[in-house]
Amino acid sequence: MKKVEAIIKPFKLDDVREALSDIGISGLTITEVKGFGRQKGHTELYRGAEYKIDFLPKVKIELVVSEDLLARVIETITDVARTGKIGDGKIFVQNVEHVIRIRTGEEGDDALS
């Protein structure tokens with residue numbers, strides 16, 4: 001099993017969620033986050049004063065999938081979240097040793113669906 005964390009632009013969230021649902025992903029976790037990379041930040045004007053915003057709003061999607069779905073999940077997120085502009089985000093993949101569904105006690109791949 002693999003844990004996939006994707007940091008994407010907030011306006012792409014609904015499209016990514018729908019695309020993942022279309023390939024059979026039934027659950028994921030969303031967190032609103034802030035950060036910067038090459039995009040750095042930007043300046044904004046508020047009441048005549050200019051100020052710098054160092055951390056830009058992003059969305060982090062987390063899901064655990066079986067290894068046979070991993071390539072399809074990565075391809076889906078990449079294709080749907082890509083705008084071609086700086087700040088599109090990143091995808092991180094980690095190994096997951098064990099999963100247990102608390103309600104039923106199911107373990108492994110049975111706990112993912």
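This report walks through two helices of a predicted model and then a few single residues around them.

**Helix α2**

Let's start with α2, which runs over residues 67-81. Does the length add up? With 15 residues at 1.5 Å a residue, α2 should span 21 Å, and its end C-alpha atoms are indeed 21 Å apart, so the two figures agree. Five residues of this helix are buried: Leu70, Val73, Thr76, Ile77 and Ala81. They cover an arc of only 145° around the axis, so they sit on the same side of α2. Turn to the other side of α2 and you'll find Asp68 and Ala71, both exposed.

What covers the buried residues of α2? The cover includes β1 (2-8), α1 (13-22), β5 (56-65) and β6 (89-95).

**Helix α1 and how it meets α2**

Now for α1, where Leu13, Val16, Ala19 and Leu20 are the buried residues. Their arc around the axis is only 135°, which means that they lie on the same side of α1. As for what they pack against, that's β1, β2 (29-35), β5 and α2. Just after α1 comes Gly24, which takes a positive phi of about 105°.

The two helices meet with their axes coming within 9 Å and crossing at roughly 150°. Angles over 145 degrees count as roughly antiparallel, so α1 is roughly antiparallel to α2. As for the hand of the crossing, α1 and α2 make a right-handed one. On the α1 side, the contact is made by Asp15, Val16, Ala19 and Leu20. On the α2 side, the residues are Val73, Thr76, Ile77, Val80 and Ala81. Several names turn up again here: Val16, Ala19 and Leu20 are among the buried residues of α1, while Val73, Thr76, Ile77 and Ala81 are among those of α2.

**Val80, on the α2 side of the contact**

Is Val80, a residue of helix α2, buried or exposed? Neither, quite: its relative accessibility is 22%, so it counts as partly exposed; the cut-off for buried is under 20%. Leaving aside neighbours within four places in sequence, Val80 is in contact with Lys12, Asp15, Val16 and Ala19. Asp15, Val16 and Ala19 belong to the α1 side of the helix contact.

**Ser66, Gln94 and Gly105**

Ser66 is in the loop between β5 and α2. With a relative accessible area of 14%, Ser66 is buried. Beyond its neighbours within four places in sequence, Ser66 touches Met1, Asp109 and Leu112.

Gln94 belongs to strand β6, and β6 is one of the elements covering the buried residues of α2. Gln94 has a relative accessibility of 38%, so it counts as partly exposed. Which residues does Gln94 contact, if neighbours within four places in sequence are left aside? They are Met1, Lys2, Lys3 and Glu5. Met1 is thus in contact with Gln94, and with Ser66 too.

Gly105 is found in the segment after β6. Its relative accessible area is 38%, which makes Gly105 partly exposed.

**Some C-alpha distances**

Here are three residue pairs, with how far apart they are along the chain and in space.

| Pair | Apart along the chain | C-alpha separation |
|---|---|---|
| Gln94 and Arg47 | 47 residues | 45 Å |
| Gly105 and Ile77 | 28 residues | 30 Å |
| Val80 and Lys90 | 10 residues | 13 Å |

Two of the pairs tie back to α2: Ile77 is one of its buried residues, and Val80 is in this helix as well.

Technical notes:
Residues are numbered from 1 along each chain as its sequence is written. This is a predicted model: local features need pLDDT of at least 70, side-chain atom pairs count only at pLDDT 80 or more; totals for chains, interfaces and linings use all residues. Side-chain values use heavy atoms; hydrogens and water are left out. Helices (H or I, at least four residues) and strands (E, at least two) are DSSP runs, numbered from the N terminus. The expected span of a helix is 1.5 Å times one less than its number of residues. Buried means under 20% relative accessible area, exposed over 50%, partly exposed in between (1.4 Å probe, protein chains only). The arc is that of the directions from the helix axis to the C-beta atoms. Contact means heavy atoms within 4.5 Å. Axes are lines fitted to C-alpha atoms, for helices over the stretch in contact, and angles run from 0 to 180 degrees between N-to-C directions. Angles under 35 degrees count as roughly parallel, over 145 as roughly antiparallel, 65 to 115 as roughly perpendicular and the rest as oblique. A crossing is left-handed if the near helix is turned anticlockwise from the far one by less than a right angle, and right-handed if clockwise.
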